[in-house]
Amino acid sequence: MNKIVFTLIFCFSTQLNNLTAKNTSCDFLKIDISARQAGMGGAFCAIADDVAAIHFNPAGVSQIKQAELLLTHTKWIVDTNINFIGFLAPLKTFVLGGSIVYLSYAEIEARDDNQQKIGTFSANDLAATISFSKQLLLSNKDVASYGINMKIIRQQIEKEQSVGVAFDLGLLTSVLLPTLSHPISIGFSIQNISQKMKFIKEEHNLPLTAILGFGYRVGVINFAIDFKHRVYERKTIFSFGTEYFPTKFVSLRLGYTNKDIVEQKHDNLLNFCGGFGINLFNRYQIDYTFLPYGVLGDTHKFSFLLKF
C-alpha cells in the first residue's frame, strides 16, 4: 500500500503557529485556553485567580477557596477546534487540580505517490495536566504561593503518535509600594520543561516558555501585563489586558499582544482582542472573546465556569 503523504498536516501545523517555532513541537500548548484570559490578551500570570491558572501560572491555583469547574470551547483557525476542561479542589492545606486540552484538526486528504486521493485522515493534540499549589506565610503576614504541573502530552496523526511528559513551575506574590494604595501582584512561571519529543524519526523541543507578569487592581478595574519569552524561538511576547466590572454581574475586557499570528505587519488591529463575562448568582460565569486573525479567519472563545 502506498504511503500516506503527511506533508499537508505538517504544513497545516506550521501555518497554525505562523512559522515561529521551527525547532519546537506541540505548539498548541501556547494557545490561551480560556475566554476570560484570551480577552485580556493572554496577560494572566500575576492574576491567575480561577481554574485557568493551571494553564498560565500553577501558583495561582492556591488562591481558589471553593471547588471550580471550567469548560471552554474555541472555534479556532483553519477549521480546528480546541476544547478544555479543568477542575480545582481546595483541600485542607493545599489545592489540587486537573485539566485536559484537546485540539482536533479538520479532516486532511490522503494521497498516494501519484497525488491521487485515497481517502482522508485525522490529527489531534492532547495534554492532560495534574496541578498542585500551596500558599506560604512569609514574615509580616505576607503570603506567597508556589505551584507545579505535570503534563502528559500526545500528538497523533492517523496511526502515528508521540507521547511525552512536561512540567510547569510557578510563583506568585504581592508587593505594596509606598506610592501605591494597593499591592502589585507579581507572577513568574516556567512552562513545558521537558526532554525532546520524538515523532516518527524527528525530535523536537517543546515550547519552553518563561513568563513574568504584573497585576494591579484599582477599584473595579484589573490591569495585567505579561512578558513571555520563548526560549528556543528566542522571542519575547508582550501582552497587556484590562478587565472592568461596571456591575457585579458583568465584566468587560480588552487586550493587546504583539505576537505575530499572520504576516500582516501593517494591520495593528489584529493584535487587539476583546470580550465580556456574565456572572450569575456568584456561582455561574459565562465568558466570550473575539480574536481576529486576518487571512486565517476570526476566532471565537466560549467558557463556562461553575463554582461549587
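A residue counts as buried when its relative accessible area is under 20%. Ile 31 has a relative accessible area of 9%, so Ile 31 is buried. The model that shows this is predicted. Ile 31 is a useful way in.

Ile 31 sits in the loop between helix 1 (7-16) and helix 2. Set aside the neighbours within four places in sequence, and Ile 31 is in contact with His 55, Trp 76, Ile 82, Leu 103 and Lys 301. Take Ile 82 from that list. In sequence, Ile 31 and Ile 82 are 51 residues apart. In space, their C-alpha atoms are 9.2 Å apart.

Asn 81 is the next stop. Asn 81 belongs to strand 2 (residues 81-90). Is Asn 81 buried or exposed? Its relative accessibility is 19%, and the cut-off is under 20%, so Asn 81 counts as buried. Beyond its neighbours within four places in sequence, Asn 81 is in contact with His 73, Thr 74, Lys 75, Trp 76, Tyr 102, Leu 103 and Ser 104. Trp 76 and Leu 103 are also among the contacts of Ile 31.

Now the whole chain. The protein chain has 3 helices and 18 strands. Of its 308 residues, 46% are buried. Consider contacts between residues at least 6 apart in sequence: 51% of them join residues at least 24 apart. The chain exposes about 15,500 Å². Carbon and sulfur atoms supply 61% of that area.

The strand pairings can be followed one by one. Start with strand 9 (184-193). Strand 9 and strand 12 run antiparallel, joined by 7 bridges. Across this pairing, Ile 190 stands opposite Ala 210 in strand 12. Strand 12 (209-218) also pairs with strand 13 (221-230). That pairing is antiparallel and spans 10 bridges. Here Gly 215 stands opposite Ala 224 in strand 13. The hairpin of strand 12 and strand 13 has 2 residues between the strands. In this hairpin, Gly 219 takes a positive phi near 60 degrees.

Further along, strand 16 (residues 272-280) pairs with strand 17 (residues 284-292). The sense is antiparallel, over 7 bridges. Phe 276 stands opposite Tyr 288 in strand 17. The hairpin of strand 16 and strand 17 has 3 residues between the strands. There Phe 281 takes a positive phi near 60 degrees. Strand 17 then meets strand 18 (residues 298-307), again antiparallel, with 9 bridges. Phe 290 stands opposite His 300 in strand 18.

Next come the aromatic rings. The structure holds 9 aromatic pairs. A ring pair is described by the distance of the centres and the angle of the planes. Phe 44 and Phe 56 form one such pair, 5.5 Å centre to centre, with 70 degrees between the planes. Planes over 60 degrees apart count as edge-to-face, so this pair is edge-to-face. What does the pair tie together? Phe 44 lies in the loop between helix 2 (35-38) and helix 3 (53-56), and Phe 56 lies in helix 3, so the pair ties together parts that are 12 residues apart in sequence. Phe 44 counts as buried because its relative accessibility is 0%. Phe 56 counts as buried too, because its value is 2%. Elsewhere, Phe 94, Phe 132 and Tyr 146 form one aromatic cluster.

Last, the empty space. The largest pocket has a volume of about 900 Å³. Its lining comprises 41 residues. Which of them lie nearest its centre? They are Arg 36, Ile 47, Asp 49, Gln 63 and Arg 217. Among the elements that give two or more residues to this lining are strand 7 (143-157), strand 8 (160-175), strand 14 (235-247) and strand 15 (250-257). Strand 12, strand 13, strand 16 and strand 18 also do so.

The structure also holds 5 cavities of 30 Å³ or more. The second largest cavity has a volume of about 150 Å³. Its lining consists of 15 residues, with Leu 29, His 55, Thr 129, Lys 151 and Asp 168 nearest its centre. Helix 3, strand 3 (95-104), strand 6 (123-137), strand 7 and strand 9 each supply at least two lining residues. His 55 leads back to the start: His 55 is one of the contacts of Ile 31.

How values were computed:
Residues are numbered from 1 along each chain as its sequence is written. This is a predicted model: local features need pLDDT of at least 70, side-chain atom pairs count only at pLDDT 80 or more; totals for chains, interfaces and linings use all residues. Side-chain values use heavy atoms; hydrogens and water are left out. Helices (H or I, at least four residues) and strands (E, at least two) are DSSP runs, numbered from the N terminus. Buried means under 20% relative accessible area, exposed over 50%, partly exposed in between (1.4 Å probe, protein chains only). Contact means heavy atoms within 4.5 Å. Accessible areas come from the Shrake-Rupley method with a 1.4 Å probe; for residues, only the protein chains shown count as cover. Rings of Phe, Tyr and Trp (its six-membered ring) pair if their centres lie within 6.5 Å; planes under 30 degrees apart count as stacked, over 60 as edge-to-face and the rest as tilted. Two strands pair if DSSP finds at least two bridges between them. On a 1 Å grid over the protein atoms alone, a cavity is a set of points where a 1.4 Å probe fits but cannot get out, and a pocket is an open set with protein on both sides within 12 Å along at least five of seven lines; lining residues have an atom within 4 Å of a point. Grid points are joined across faces, edges and corners, and a volume is the space filled by probe spheres set on the points.
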